[in-house]
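Me: Could you take a close look at one open sheet in this model for me? I would like to see how its strands are ordered and paired, with some background on the chain around it.

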Amino acid sequence: MCDQTFLAITFGPCDSCSENRPLMNLYIKTEPINYCSLCMEIMACQGLASGETLKSLKAESETLRKKLEEERKKLHDVELEKVAEKAEALGELNMKTRRTLKGHGNKVLCMDWCKDKRRIVSSSQDGKVIVWDAFTTNKEHAVTMPTTWVMACAYAPSGCAIACGGLDNKCSVYPLSLDKDENLAAKKKSVAMHTNYLSGCTFTNSDMQILTSSGDGTSALWDVESGQLLQSFHGHSADVLTLDLAPSETGNTFVSGGSDKKANVWDLRSGQNVQSFDTHDSDINCVKYYPSGDAFASASDDSTCRLFDLRADREVSIYSKDSIMFGAASVDFSLSGRLLFAGYNDYTINVWDVLKGTRVAILFGHENRVSSLRVSPDGTAFCSGSWDNTLRIWA
Amino acid sequence: MERVIVAMQDPDMGVKMRNQRLLITVIPHAMTGNDVIEWLIQKYNITEEEARHLGGLLVQYGYIYPLRDPRSLLLRSDDSPYRFQTPYFWTSSRWPASELDYAIYLAKKNIRKQGELVDYEKENYSILHKRINHTWDFVVMQAREQLRASKQRRKADRIVLECQEQAYWLINKPCPGAFDVLDLGPERCNVLSSRVALIEHSRRALGRNRVKSSICLESFMKYSEQYLHHDPIMSGCLPSNPWISDDTAHWTINTDMVGTPTRLRVERWSFSFMELLNDSMGRREFMIYLEKEFSAENLCFWVACEDLRHGESSKIILKVEEVYKNFLAPGAARWVNIDSKTMERTLEGIKRPHRFIMDDAQMHIYFLMKKDSYPRYLKSELYKNMLAKAIVPQETKKSVFPFMRRQRHSSPSPAMVTQATEDDGKAKGAGPTGTSSTTNSQI
């Protein structure tokens, strides 16, 4: 039988205490460091006030966490399933691929809809970013980025520009021009600068500001015109993989999910981490707000999707099944919030009933992982991009 | 995935394994593709399509390998025999497939049957030959030894071992162009966080106001119910979903500045104040109503503040001054009625203007409109007339000839629309000719 894999990959002298121990390999500001677990704890407690020891801090944070759990439980008087019993059962969902957009030469990593409900921008591993009119399946613009793995792309609300970024650690904005001979790459404007890959980007309510999330563990708000950093958000202890802007009335918050299994809600004005949810068992790949803005869903490598309520401050539902063994890469809600579409690494798309927690349908069609999924702005269809180089529109 | 495999191998509850026949030899502990699918259907209560898909994945990731056609990693739902891969070869153990092993494997293949190596394998072979030339003798010797040893085994064992190894290498060194199961994307690493910060955060979190679950969950139910008929995926859309019928009528009747809006759209304005403001036609109607009530300055103020918040950084100071001049200065043309405390705070803040300086005042006016003007608007004649005038489009009947595909026209790009309004003086004809062309595209 093969050996079990250990959490510590190496065994040897620790960089700080020089004793021979199982080492944990970490990266601090992209520098690899090999510390034993004891030294790691010490380092994590930088900023110890006098009188506090390692043990006391650990104990304190544990008790606080338990208290938090209790507080949350107190107000939890009913489960979503019980409340949802009154809801009408959903009939059979009959969705098929209506359009297939072929043209990328490599894995499609990200896509976004335009507000006109029919245009899409998509980015792929080979650095190509293409703007399509999904209805006619024509390509309208194509840009080649000087980097591979373009993991984030977004359409501006006005429809006049697109933003994208990836392994180049920055987010660039391209104004979309209609002159066929114009070289789009020439007009590129570099907006964001991070110290690691860009994992997600979105325009806030106008073309003038962009919110980005990065593998360096931070998210940031930038001014497009000047490229200036307006606000940065620190708090994740690992790569931030996804973010979504709240549709609420005040429009002042956003949620981000990361490799540290946490989903954090932030205030755009102050940069503060307002709420935090850490019930996932693995990296969170995608977060999306419920249409009313009172909750959000997350998709994770632990093969579950979960719904978190912001006012009750807890997880209210888990969408999972034994036969789903692969991580979920992307989620989105239908317009009414009743259906949750989730794309998985086993090439399928599962459709969940948000209220009842059951699976409504499973959609086959892609030949490789589904990497991104978005519902169109008017809810008539949704688009899924996959590592099989195509995008499909389902309705 | 390994959980599934272990469950499958369970002697009592697992997949039935028998001695399978492969041409003339009998292979022990094998199962048919059909068995695998049946078992999956039963255990997880899923449909056959899903079970086939799942089984296929198990084969592609190397947990089960085929005996009959070892080159293609597919799960066939008939009686082709399959076996479980030994855990040594599991992809999750992530032994990096060493070059030496691969070289030995290719050498064995080469020796056994000249010319059995496929193109990409031949390439890899020559590359390896160049790279580890110094140990080549060792490689060839090992290959010969292993071949000799295998000749002494029973045929059944030999076949099994060969297939096993082949499947393993097919996965680890795939044919270029075929997809690589081990491709995972950029590395994700961990950054340390401070425990002190964590404690701070927990303390703050304890102080939050929370709402009872029952209230929150009820609100989800209500929301879903309210929007049920507006959700095209759940209740279809009139006249027809453009993606299904290729008919863009649904979009044309819902454009921003259409003459008569649809009933659903007007109904939606009554769901929440934000819905009304987000729809440009709704906003326009509301403005007309407010003008009648002589309180239009509220909405103008709100719009100006939104513009300030989301506009360009360079124009902030200018915009703040404008807003002050028009709405806040004593005796201003469109003076808004804010309570004195907020007014004081705002006026103080204007001395050092920034993007969010008007937030308090904006919030005040927003809630004023929401609590007062908005409900009155919904009860007003203006709104009721709008509702009565609104059209309910006919559902288009399915065309008699289902194979007749409509021409799909492209729409003017939003980028072009704004460009056209910018170059107001230029001839309008110059713009549209660039992009609108009728195309009859294939799915």
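**The open sheet in chain A**

Reply: Happy to. The secondary structure of chain A comprises three helices and 31 strands, where helices (H or I, at least four residues) and strands (E, at least two) are DSSP runs numbered from the N terminus. This is a predicted model, in which local features need pLDDT of at least 70, side-chain atom pairs count only at pLDDT 80 or more, and totals for chains, interfaces and linings use all residues. Residues are numbered from 1 along each chain as its sequence is written, chains are lettered from A and ligands numbered from 1 in the order in which they are written, and side-chain values use heavy atoms, with hydrogens and water left out.

Of the 395 residues in chain A, 62% are buried, meaning under 20% relative accessible area with a 1.4 Å probe, protein chains only. Among contacts in chain A with a separation of 6 or more, 42% join residues 24 or more positions apart; a contact means heavy atoms within 4.5 Å.

Now to the sheet itself. Its four strands run in the order β9-β10-β11-β12 (chain A), and the pairing is antiparallel; two strands pair if DSSP finds at least two bridges between them. At the edges lie β9 (152-155) and β12 (189-193) of chain A, each paired on one side only. On average, neighbouring strands of this sheet are turned by 20° against each other, direction ignored, with axes taken as lines fitted to C-alpha atoms.

At one edge, β9(A) pairs with β10 (residues 161-165) of chain A over four bridges, in the antiparallel sense. There, A:A152 stands opposite A:G165 in β10(A).

Technical notes: Buried means under 20% relative accessible area, exposed over 50%, partly exposed in between (1.4 Å probe, protein chains only). Axes are lines fitted to C-alpha atoms, for helices over the stretch in contact, and angles run from 0 to 180 degrees between N-to-C directions.
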